[in-house]
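Where in a folded protein is empty space left, and what surrounds it? The report below takes up these questions for one structure.

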Amino acid sequence: MSSTVGQNADMIALWPNDDAPTHAIICNEVNSANATTGGQPNPDFGRASLQRVTLATGAVADIANGLISCDPAHRTALGTIVFGEENGNVGRMYELIDPLVTTGVHIDRAIGATSGSPTAGNIVVRKALGQVSFEGIIHLPDGTSYYGDELRPSNGKPGGGIYKFVPASPYGGGAPIATLSASPLAAGNVSVLRLGSSGRSFGDFGQGTNIGEGKWVPLTTPADPTRFDLAAVATASGGYSGFYRPEDMDLDPIAWAAGQFRACWNDTGNDQAEQWGETLCLADAATSDTAFTGGHGPVVSLFVAGNPELRMADNLDFQPGTGILYILMDATTSADNPAYANNQVWACLPDGADPDLLNDGCVRVMNLKDGEAEFTGIEFMSDGKSFLIHLQHRTQDGRAVQNTTDELLVSGLSIPH
């Protein structure tokens, strides 16, 4: 589709819909904000953080720059794009309106201001969602949002938490919003997931409890939400369930169509330590039991157990109409160690009629020859027969420019019956 997307192009949002998209809105995971890094000039300073790809021609336009590690990009039911930074406890989430006419905006991420273009007002920072290392995020039609903190455990401290934002003024549906001030993401409350601590347990939460039933623990928004470090606030609120670098997250469309919330996300792990990673799934059913804060009872279960073949899972996406979950690896490769296989794309069947809650088998769909590269940002078209994906920082032997990225269309998939 394009050979001129940003060198670290990551997640993809199809626009204006998944049925007949004309554009892809994509994050470019570079440090565009700092003129120097480590005392040396930063070659990525000022480069695009968010881009627009015209799918008919492959032409790329720069929507905005100034972010550090733009990673997630998603279209909302509001007619907007949300995008965020995978940038530790200072990562921010942003919202964009009118993505086809917004061009050349500079974002001052330190203060959350925009400038440099007549369309600068089309992008705002969403401080109410707090600050984490954003990667996986789901926005429901009313603005309720689920997202993870791509944080690894460290020296006894928990890894990244899973958070839930409930808007103060939910979106009621209908026509897309006309102004960003009408977005439900402007204000609301954030809770953190704490497993092993619900109305029917004995408070056995903490390290060692990362599946099972739990509850949402409300977090107090600071008077100045400019600095809303969710992990620090969650720790001060009595603790939370930590996971090993929560990555991409996707809503199960079959469960959602049946009136149930089920979302799955990847925990990357570390294959060099034989921590292969995993895919977990969250159900969040409404309940009248007052022991569950917010009227929902979350339950987490294991769906894919990582292994020496399917390891260090990163991006993922459900194939529409099938329940099959496609998973991308971001693992150690032959470029790092000849004993390792290169990154791959896997397809995992849904759980069938058996006693466990695990997938019923995973198979390789794509395999990289290039040990320097990885797949990122898989996004299915609505028919389930094709998807967009990025082939990031590939070697590209014979090309004039090394270590760049291609946006690919993979098509011709069949729908199993």
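What follows describes the pockets and cavities of this structure, and then two individual residues.

The model shown here is predicted.

**Open pockets**

The largest pocket has a volume of about 800 Å³. Its lining is made up of 32 residues, and those closest to its centre are Asp18, Arg75, Asp250, Leu251 and Glu379. Several elements each supply at least two residues of this lining, among them strand E2 (9-15), strand E8 (70-75), strand E19 (246-251), helix H2 (253-257) and strand E27 (374-380).

In the second largest pocket there is about 560 Å³ of space, and of the 30 residues that line this pocket, Ala255, Gln260, Phe261, Arg262 and Ala283 lie nearest its centre. The elements giving two or more residues to the lining of the second largest pocket are H2, E21 and E22, and E21 gives the most, with 6 residues.

**Enclosed cavities**

Searching the whole structure yields 2 cavities of 30 Å³ or more. The largest cavity, with a volume of about 40 Å³, has a lining that includes Trp276, Glu278, Val304, Arg311, Met312 and Ile327. Strand E21 (278-286) and strand E22 (296-305) each supply at least two residues of that lining.

The second largest cavity holds about 30 Å³ of space, and the residues lining it are Arg92, Met93, Val125, Arg126, Lys127, Gly130, Gln131 and Pro225.

The table sets out how the residues of each lining divide by character.

| Lining | Nonpolar | Polar | Charged |
|---|---|---|---|
| Largest pocket | 20 residues | 5 residues | 7 residues |
| Second largest pocket | 18 residues | 6 residues | 6 residues |
| Largest cavity | 7 residues | 3 residues | 2 residues |
| Second largest cavity | 3 residues | 2 residues | 3 residues |

**Two individual residues**

Asp229 is found in the loop between strand E18 (212-218) and helix H1 (230-236). Although Asp229 is buried, it has no salt bridge, and the nearest side chain of opposite charge, that of Arg227, is 4.2 Å away. A salt bridge would need a side-chain nitrogen of Lys or Arg within 4 Å of a carboxyl oxygen of Asp or Glu. The side chain of Asp229 does, however, reach the backbone nitrogen of Ala231, at 3.2 Å.

Pro218 lies in strand E18. Because its relative accessible area is 46%, Pro218 counts as partly exposed. In sequence, Pro218 and Val233 are 15 residues apart, while in space their C-alpha atoms are 10.0 Å apart.

How values were computed. Residues numbered from 1 in each chain as written. Predicted model: local features only at pLDDT ≥ 70, side-chain atom pairs only at ≥ 80, totals over all residues. Heavy atoms only, no water. 1 Å grid on protein atoms, 1.4 Å probe; cavity = no way out; pocket = protein on both sides within 12 Å on 5 of 7 lines; lining within 4 Å. Points joined across faces, edges and corners; volume = space filled by probe spheres on them. Helix = DSSP H or I, 4+ residues; strand = E, 2+ residues; numbered from the N terminus. Nonpolar A, V, L, I, M, F, W, Y, C, P; charged D, E, K, R; others polar. Buried < 20%, exposed > 50% of the residue type's maximum accessible area, 1.4 Å probe, protein only. Lys, Arg positive; Asp, Glu negative; His and termini not counted. Polar contact = N/O pair within 3.5 Å; in protein donor to acceptor, adjacent residues only side chain to side chain.
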